[in-house]
Amino acid sequence: MVKVCKKLLPLIPFMIFLISCMEVDEKPSIYEGTQEKHLFVYLDTTSLGKFFAGQSAILSGIPVDLINFDYVGFNQTKYTNDSGWVFFDSLLNGYYIASVGIDYPFNNDLDTTRVTGQREFYIYQDTPIKDTLTVRVSGNPGLKINEIYYAGPPNNIFYFYDQYIELYNASPDTVYLDGMIVCRMGPCTIGADNVTYIFQFPGEPITGREYPVEPGQFVVLAQDAVNHVIIQGGNTLVNSIDLTHADWEFVNPQDYADTDNPNVPNIVDIQEGHRGDFMISLGSDIILIADGTDSYYPDGIDIETIIDVVEYSSISTHIKDITEELDAGWAGVGVIRYSGQSIERIEPGFDTDNSTIDFVKLDAPTPGYHHGHE
Ligand SMILES: [Ca+2]
Ligand SMILES: [Ca+2]
Ligand SMILES: [Ca+2]
Ligand SMILES: [Ca+2]
């Protein structure tokens, strides 16, 4: 054996070359098996029921765009058939997003309504995928989380205490904040089962009438209702904001460092053992408002009591931490820490329950008003 091997020694480089060629040949090509990779998508129109007056809600002839994020330039547009299905064939392996964005004439062409939806697909298997894409319209009235300013102002001392959440009353009726809760959540398994902060407005949930919000009114909930341009120690942050006149501020009586502006009412921590302020992540987080009838948080917050939920993440490939029924997407892609950037709905109260579609990134926060409506 030794002799044979020695004789073969000069051939070894050639053999390695041959083996490496074989390996290249045996590597699965991205084109391999493309004939089997099919995607069937049904447009789920459940949320559009009111437009169809009990008729069968099938949207045919609707363009659905499919983009492959692993291979730049690979995208297809196909149209739904008479049964509401769209079919993509000969697909490459990859991570895809299918999306719909059209102005649909529900009322005999008199006017159109924006219909949007999107869904991600991981296509790596050879068996055809059959699934749904839920389309929605904006228009559920009510109180909305309109803006979340979380990035912090430009500074090099890690200052982000000027964070705030802005609410907006998108309904034609007065709503009341009495007893409502504002929560921060971690990744959830079922519904809203992972509450990490819970702060509550004063008053009686549902029946209270002490804290009205008129139709079209904005409400600013500050982490601290102080002037953040002039911060303690004499430092100034010229790009921060004065929240002295915020409508509300988060206060945790168990946090001895928390400030309490006597002129601004408090949303108070009700979570036992939590000693921090309502500080939210500069990268990814989930904010929820609910009517407060379920404020027992260890088992989560009942879905029926939830008023609005927004998930945000600066990362475009973020893996969602809550289910589609709460928020089908996420806002905030590209928001940079300590940039003064903010996220706000494209129009006051615009809400399709998909924050990817509903929100835009702003270069500066807009407390108490809407960008473009100053
Ligand atoms: Ca505070
Ligand atoms: Ca106060
Ligand atoms: Ca509960
Ligand atoms: Ca705003």
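This tour proceeds through a predicted model, moving from the whole chain to its sheets, its aromatic contacts and two of its calcium sites.

**The whole chain**

Begin with the protein chain displayed as a cartoon, in which four helices and 21 strands can be traced. Colouring by accessibility then shows that buried residues account for 47% of the 374 residues. If contacts are drawn between residues at least 6 apart in sequence, 62% of them join residues at least 24 apart.

**Strand β1 and its two partners**

Select residues 39–44, which form strand β1, and show the side chains. They alternate along the strand: Leu39, Val41 and Leu43 point to one face and are buried, whereas Phe40, Tyr42 and Asp44 point to the other face and are not buried.

Next add residues 129–134, strand β7, which runs parallel to β1 and is joined to it by six bridges. One place to look is Asp44, whose bridge partner in β7 is Thr134. A side-chain contact can be viewed in the same selection: the charged end of Lys130 sits over the ring of Phe40, at 5.6 Å from the ring centre.

Then add residues 85–88, strand β4, which is antiparallel to β1 and joined to it by four bridges. Here Tyr42 has Trp85 of β4 as its bridge partner.

**The open sheet of 11 strands**

Hide the side chains and select the strands of the open sheet, whose order is β19-β18-β12-β13-β17-β16-β15-β10-β9-β20-β21 with mixed pairing. The edges are taken by β19 and by β21 (359–362); each has a single partner strand, so one side of each lacks a neighbour in the sheet. Viewed across the sheet, neighbouring strands are turned against each other by 25 degrees on average, direction ignored.

Within this sheet, focus on strand β16 (residues 248–251) and strand β17 (residues 266–269), which pair in the parallel sense over three bridges. Phe250 stands opposite Ile267 in β17. Keep Phe250 selected and add Tyr197, Phe199 and Phe278: these four residues form one aromatic cluster. The ring of Tyr197 also carries a charge contact, as the charged end of Arg184 sits over it, 4.9 Å from its centre.

**Calcium ion, ligand 2**

Now select the calcium ion (ligand 2) and its protein donors: Glu249 (OE), Asp260 (OD), Asn261 (O), Val264 (O) and Asn266 (OD1), which lie 2.2 to 2.4 Å from the ion. Along the sequence these donor residues follow the spacing E-x10-D-N-x2-V-x1-N. A surface view centred on Asp260 shows a partly exposed residue, because its relative accessible area is 45%, between the 20% and 50% limits used for buried and exposed.

**Aromatic pairs**

Show the rings of the aromatic residues; the whole structure contains 18 aromatic pairs. Select Phe74 and Tyr96, whose ring centres are 6.1 Å apart and whose planes stand at 80 degrees, so the pair is edge-to-face. Phe74 belongs to the loop between β2 (63–68) and β3 (75–79) and Tyr96 to strand β5 (residues 94–104), so the pair ties together parts 22 residues apart in sequence. Phe74 is buried at 18% relative accessible area, and Tyr96 is buried at 0%.

Move to Tyr150 and Tyr312, an aromatic pair that is stacked, with 3.7 Å from centre to centre and 15 degrees between the planes. Because Tyr150 lies in the loop between β9 (143–149) and β10 (164–169) and Tyr312 in strand β19 (residues 306–313), the pair ties together parts 162 residues apart in sequence. Tyr150 and Tyr312 are both buried.

**Calcium ion, ligand 4**

The last stop is the calcium ion (ligand 4). Select its protein donors: Glu147 (OE), Glu166 (OE, listed twice), Glu344 (OE), Thr366 (O and OG1) and Tyr369 (O), at 2.1 to 2.5 Å from the ion. The donor residues are spaced E-x18-E-x177-E-x21-T-x2-Y in sequence. Distant parts of the chain are linked here, with Glu147 in strand β9 and Thr366 in the segment after β21, 219 residues apart. How accessible is Glu147, buried or exposed? Glu147 counts as buried, at 0% relative accessibility, and Thr366 likewise counts as buried, at 4%.

Conventions
Residues numbered from 1 in each chain as written. Chains lettered and ligands numbered in written order. Predicted model: local features only at pLDDT ≥ 70, side-chain atom pairs only at ≥ 80, totals over all residues. Heavy atoms only, no water. Donors = N, O, S within 2.8 Å, 3.2 Å for Na, K, Ca; no water. Buried < 20%, exposed > 50% of the residue type's maximum accessible area, 1.4 Å probe, protein only. Phe/Tyr/Trp six-rings, centres within 6.5 Å; stacked < 30°, edge-to-face > 60°. Helix = DSSP H or I, 4+ residues; strand = E, 2+ residues; numbered from the N terminus. Lys NZ or Arg CZ within 6 Å of the ring centre and 35° of its normal. Pairing = 2+ DSSP bridges. Axes fitted to C-alpha atoms, helices over the stretch in contact; angles between N-to-C directions. Contact = heavy atoms within 4.5 Å.
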